[in-house]
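Here's a quick briefing to read alongside the model. Two topics are on the list: a single residue with its surroundings, and then a sheet.

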Amino acid sequence: MDVHISEYFKTGDYYVEFIDLYDKARNASGISFSDSPNHEKRQSIHVETPNPDYKAPELDLNRIVVYAEPTNKEAPDGETLVTINYYARDDKSGLSGVSYRLKDPQGTMYFEYHYHENFYTEYFDGDPTVWKKYTINTILPRGSVPGIWGLAELTLGDKAWNHKTYNFVETMIFEPDESTDDYVLFAEMVDDKNLKIFIDSKVEDGNTISYRIIHDETGQELNGDIKANDALNSSEGVSACVDISALSRGKLIVIASVKDSSGKVLAVRTTTL
């Protein structure tokens with residue numbers, strides 16, 4: 001078996017720690033190598049590398065965006081498209097293996113890998129030191145547990161086997177929408193500075209619409225609440241204008257949550273412009 005040690009690996013002694021052997025009849029045996037008299041003698045080789053990488057990749061904690069929307073908007077059944085945008089960079093060897101865990105409302109963790117374009121490459125294609133946007137798209141299956149889900153953690157590895165885990169328990173949350181009401185969200189620019197948000201179903205007095213407006217490239221976000229009786233309320237729905245002059249030009253993701261007077265979410269709708 002050949003193992004390629006690149007210029008970015010750490011200088012030091014390399015050795016085999018254990019070998020697991022299996023045959024076609026599923027019999028298994030394990031051999032450990034160490035300085036212990038109970039193990040096989042360790043065989044090692046010293047390797048000098050010219051440009052060792054000792055630092056794990058870096059995650060931009062200010063540019064993480066998580067949002068979700070049902071795949072069947074006409075009759076939501078729990079199957080939900082979850083999108084996670086994040087920015088990462090590395091000082092030398094470049095981003096390699098990435099994994100993450102989602103946490104459901106019952107506390108169960110779901111482990112997945114993010115197979116980005118440099119996941120399997122031997123060397124990073126591009127400049128590893130520049131912040132780069134990565135997008136995870138994953139589907140929660142039909143019948144997924146309703147309620148608040150979350151991005152529990154994100155682990156970044158580089159081409160020199162450095163790793164770092166970022167934990168977000170109770171920080172990044174999203175809620176799959178199972179409502180069957182006919183709420184439909186529209187968003188349009190009124191002028192260069194103002195965005196009109198419109199929900200085209202009647203919302204009773206006292207209800208609230210919470211909104212998030214996210215810049216897809218930079219991760220910049222504006223958010224707030226619109227009370228139905230403070231907005232432009234009609235028999236057809238509720239609308240309000242939001243000043244978005246603080247955001248850069250580009251693609252915007254608009255997420256609106258319709259809540260009743262007790263704060264319970266009745267529906268979540270998403271659109272882009």
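Asp13 sits in strand β1, which covers residues 12–15. Keep in mind that this is a predicted model. Below, we go through Asp13 and its contacts, then turn to a four-stranded sheet.

**Asp13 and its surroundings**

- Is Asp13 buried or exposed? Its relative accessibility comes to 52%, and the cut-off for exposed is over 50%, so Asp13 counts as exposed.
- Leaving aside residues up to four places away in sequence, Asp13 touches Ile45 and His46.
- His46 is 33 residues from Asp13 in sequence, yet the two C-alpha atoms lie 4.2 Å apart in space.
- The side chains of Asp13 and His46 also meet in a polar contact, at 2.9 Å.

**The four-stranded sheet**

- Reading across this open sheet, the strand order is β17-β16-β20-β21, with antiparallel pairing.
- Why do β17 and β21 each have one side without a neighbour in the sheet? Both stand at the edges, β17 as residues 221–227 and β21 as residues 265–272, and each has a single partner strand, so one side of each is left open in that sense.
- From one strand to the next, the twist averages 15°.

**Where β20 meets β21**

- Strand β20 spans residues 252–259, and seven bridges join it to β21.
- These two strands run antiparallel.
- Which residue of β21 is the bridge partner of Ser257? That would be Val268.

Key:
Residues are numbered from 1 along each chain as its sequence is written. This is a predicted model: local features need pLDDT of at least 70, side-chain atom pairs count only at pLDDT 80 or more; totals for chains, interfaces and linings use all residues. Side-chain values use heavy atoms; hydrogens and water are left out. Buried means under 20% relative accessible area, exposed over 50%, partly exposed in between (1.4 Å probe, protein chains only). Contact means heavy atoms within 4.5 Å. A polar contact is a pair of N or O atoms within 3.5 Å; within protein, one must be able to donate a hydrogen and the other to accept it, and residues adjacent in sequence count only if both atoms are side-chain atoms. Two strands pair if DSSP finds at least two bridges between them. Axes are lines fitted to C-alpha atoms, for helices over the stretch in contact, and angles run from 0 to 180 degrees between N-to-C directions.
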